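Here are some short exercises to work through with the model open beside you. Try each task before reading its solution.

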Amino acid sequence: MKKFFAQDKPIVGIVAGLGSELGFCLALAIGLLIAGEPIMEHVRWFAGMFFPLILVLHHYAKGRTQLRVTKTLIVVFFVTFIAFMIYLLKTKALVLQ
């Protein structure tokens, strides 16, 4: 497993980026279900999924040896952030005035 994340390939960035976001989302969803809270009322809390991704990006950018992974993580962050904002706007969880 450690050998996989040491490679400088775009697939490593995709797996690391989406994996960190998915892990946060699953943990939050399970926590909300255990607490008996409806998930759709707390959909904005899922914006926290970007914090682990930023930490992973910081780890790879600090090393400066895996530039392709770093660039891929930046693209993953941008695409998922835009998609999440569009989702919030369409579900009216975020309203622009």
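**Exercise 1. Decide whether H42 is buried or exposed in this predicted model, and list what H42 touches.**

Solution. Start with the place in the chain: H42 sits in the loop between α2 and α3. Next, take the relative accessibility, which is 15% for H42. The cut-off for buried is under 20%, so H42 counts as buried. Finally, look for partners, leaving out residues up to four places away in sequence: H42 touches L32 and E37. One of these partners, L32, is itself among the buried residues of α2.

**Exercise 2. Do the same for Q66: where is Q66, is Q66 buried or exposed, and which residues does Q66 touch?**

Solution. Q66 is placed in the loop between α3 and α4. With a relative accessible area of 12%, Q66 is buried. Setting aside residues up to four places away in sequence, the contacts of Q66 are F5, A6, Q7, D8 and Y60. Y60 also turns up in Exercise 6, as one of the α3 residues that meet α4.

**Exercise 3. Check the lengths of α2 and α4 against the rise of 1.5 Å a residue.**

Solution. Take α2 to begin with. The expected span is 1.5 Å times one less than the number of residues, so the 26 residues of α2 should cover 38 Å. The C-alpha atoms at the ends of α2 are 38 Å apart, which agrees. Now turn to α4, residues 67–90: its 24 residues should span 34 Å. The end C-alpha atoms of α4 are 35 Å apart, and this agrees too.

**Exercise 4. Find which residues of α2 and α4 are buried, and which helices they pack against.**

Solution. In α2 (10–35), the buried residues are V12, G13, A16, G17, S20, E21, C25, L28, A29 and L32. These pack against α1 (2–5), α3 and α4. In α4, the buried residues are V69, T70, T72, L73, V76, T80, F84 and L88. Their packing partners are α2 and α3 (50–63). To read the spacing in such lists, recall the helix geometry: an α-helix has 3.6 residues a turn, so residues three or four places apart point the same way.

**Exercise 5. Describe how α2 packs on α4: what are the angle, the axis separation and the handedness?**

Solution. The helices pack at an angle of about 40 degrees, and their axes are 8 Å apart. That angle makes α2 oblique to α4. The crossing of α2 past α4 is right-handed. On the α2 side, the residues involved are P10, V12, G13, I14, A16, G17, L18 and E21, and they meet V69, T72, L73, V76 and T80 in α4. Sorted by class, the residues of this contact are 8 nonpolar, 4 polar and 1 charged.

**Exercise 6. Repeat the analysis for α3 and α4.**

Solution. Here the angle is about 165 degrees, with the axes 9 Å apart. The cut-off for roughly antiparallel is over 145 degrees, so α3 and α4 are roughly antiparallel to each other. α3 passes α4 in a left-handed crossing. From α3, residues F50, L53, I54, V56, L57, Y60 and A61 meet V69, T70, L73, I74, V76, F77, T80, F81 and F84 in α4. By class, this contact has 14 nonpolar, 2 polar and no charged residues.

**Exercise 7. Inspect the phi angles of R64, K92 and G36, and say where each residue lies.**

Solution. First, the background: most residues other than glycine have a negative phi. R64 has a phi near 60 degrees, a positive value in a residue other than glycine. R64 lies in the loop between α3 and α4, and at 70% relative accessibility R64 counts as exposed. K92 likewise has a positive phi near 60 degrees without being glycine. K92 is in the segment after α4, and K92 is exposed, with a relative accessible area of 64%. G36, just after α2, takes a positive phi of about 80 degrees.

**Exercise 8. How far apart are the C-alpha atoms of K92 and I30?**

Solution. Along the chain, K92 and I30 are 62 residues apart. In space, their C-alpha atoms are separated by 23 Å.

Conventions
Residues numbered from 1 in each chain as written. Predicted model: local features only at pLDDT ≥ 70, side-chain atom pairs only at ≥ 80, totals over all residues. Heavy atoms only, no water. Helix = DSSP H or I, 4+ residues; strand = E, 2+ residues; numbered from the N terminus. Buried < 20%, exposed > 50% of the residue type's maximum accessible area, 1.4 Å probe, protein only. Contact = heavy atoms within 4.5 Å. Axes fitted to C-alpha atoms, helices over the stretch in contact; angles between N-to-C directions. Parallel < 35°, antiparallel > 145°, perpendicular 65-115°, else oblique. Left-handed = near helix turned anticlockwise from the far one by under 90°. Nonpolar A, V, L, I, M, F, W, Y, C, P; charged D, E, K, R; others polar.
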